[in-house]
Amino acid sequence: MALDPSFIGRTYPPTAPYEVGREKIREFAVAVGDANPAYTDPEAAKAYGHPDVIAPPTFPFALTFQAAAQVVQDPELGLDYSRVVHGDQKFAYTRPVRAGDRLSVVVTIDAIKSLAGNDVLTVRGEVSDETGEHVVTSVMTLVARAADETTGE
């Protein structure tokens, strides 16, 4: 069953603050294979003009994907997560994520459309620090594959 387009524009409550730690940034940089010293060495980060180490550009995915769970698990929306694949991901930064940031995410459903029986859902996550300063906007596209008409799967 197609998702209800009246959910476009629905905004969910902000997440609890997530404190960004140097070790989490280092672990993420290692996991993605990025050896930029600004991610692991406070002095290198300061040489680039940052007050502390900064996170790799895709680091906020961990926060915004978790925040998007509010959308995915919304029983009124009726999304069948067992059929969902991650279709696309974009980030638009105001400033880098820094060690010591306490970040919260507010997610909004930006678009719902049906393509060839598949539901395509666009979820925007606005990430702000504890002062309310915007840090990054995440836009993810989720695709809920259509059920196979012959098998129902």
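Salt bridges come first here: the predicted model has 14 of them by the distance rule applied. One joins the side chains of Arg102 and Glu19, with nitrogen and oxygen 3.6 Å apart. This pair links distant parts of the chain, since Arg102 belongs to strand E3 and Glu19 to strand E1, with their positions 83 residues apart. As for solvent, Arg102 is partly exposed at 30% relative accessibility, whereas Glu19 is exposed, with a relative accessible area of 51%.

Arg102 also has a salt bridge to Glu130, and here the N to O distance is 3.3 Å. Glu130 sits in the loop between E4 and E5 while Arg102 is in strand E3, so this bridge ties together parts of the chain that are 28 residues apart in sequence. Glu130 is exposed, its relative accessible area being 58%. Elsewhere, a network of salt bridges links Arg95, Asp101, Asp129 and Glu133.

A more local case turns up in helix H1, which covers residues 22–32 and includes Arg26. Arg26 forms a salt bridge with Glu23, and the closest N and O atoms are 2.6 Å apart. The two residues are three apart in helix H1, so about one helical turn separates them. Both partners fall into the middle class for accessibility: Arg26 is partly exposed at 33%, and Glu23 is partly exposed at 42%. Setting aside neighbours within four places in sequence, Arg26 is in contact with Tyr39 and Thr40. The C-alpha atom of Arg26 is also 8.0 Å from that of Ala55, a residue 29 positions away along the chain.

Not every charged side chain has such a partner. Asp119, in strand E4, is buried but makes no salt bridge. What is the nearest side chain of opposite charge to Asp119, and how far away is it? It is Arg83, at 8.7 Å. A salt bridge needs a nitrogen within 4 Å of a carboxyl oxygen, so that distance rules the pair out. What the side chain of Asp119 does reach is the backbone nitrogen of Leu3, at 3.3 Å.

Now for the overall layout. The chain is built from three helices and five strands, and reading along the sequence gives the pattern β-α-α-α-β-β-β-β. The five strands make an open sheet in the order E1-E3-E4-E5-E2, with antiparallel pairing. Strand E1 (18–19) and strand E2 (84–93) are the edges, each pairing on one side only. In general, strands of a sheet pair through backbone hydrogen bonds, in either a parallel or an antiparallel arrangement. In this sheet, E2 pairs with strand E5 (residues 134–144) in the antiparallel sense, over nine bridges. Val85 stands opposite Val143 of E5.

The sheet order also gives some context for the bridges described above. E1 and E3 are next to each other in that order, and the Arg102–Glu19 salt bridge joins a residue of strand E3 to one of strand E1.

Helix H3 (residues 61–72) lies across E1, E2, strand E3 (102–115), strand E4 (118–128) and E5. The helix runs at about 55° to E3. Thr64 is a handy residue to look at in this packing, as its place is in helix H3. Is Thr64 buried or exposed? With a relative accessible area of 2%, Thr64 is buried, because the cut-off for that class is under 20%. Leaving out neighbours within four places in sequence, Thr64 is in contact with Val105, Val127, Ser138 and Met140. By residue number, Val105 falls within strand E3 and Val127 within strand E4, while Ser138 and Met140 fall within strand E5.

Finally, a few whole-chain values. The C-alpha trace spans about 60 × 30 × 20 Å along its principal axes. Of the 153 residues in the chain, 38% are buried. Among contacts with a separation of 6 or more, 69% are between residues 24 or more positions apart. The salt bridge between Arg102 and Glu19, residues 83 apart, is one example of a link across that kind of sequence distance.

Notes:
Residues numbered from 1 in each chain as written. Predicted model: local features only at pLDDT ≥ 70, side-chain atom pairs only at ≥ 80, totals over all residues. Heavy atoms only, no water. Pairing = 2+ DSSP bridges. Helix = DSSP H or I, 4+ residues; strand = E, 2+ residues; numbered from the N terminus. Contact = heavy atoms within 4.5 Å. Axes fitted to C-alpha atoms, helices over the stretch in contact; angles between N-to-C directions. Buried < 20%, exposed > 50% of the residue type's maximum accessible area, 1.4 Å probe, protein only. Lys, Arg positive; Asp, Glu negative; His and termini not counted. Polar contact = N/O pair within 3.5 Å; in protein donor to acceptor, adjacent residues only side chain to side chain.
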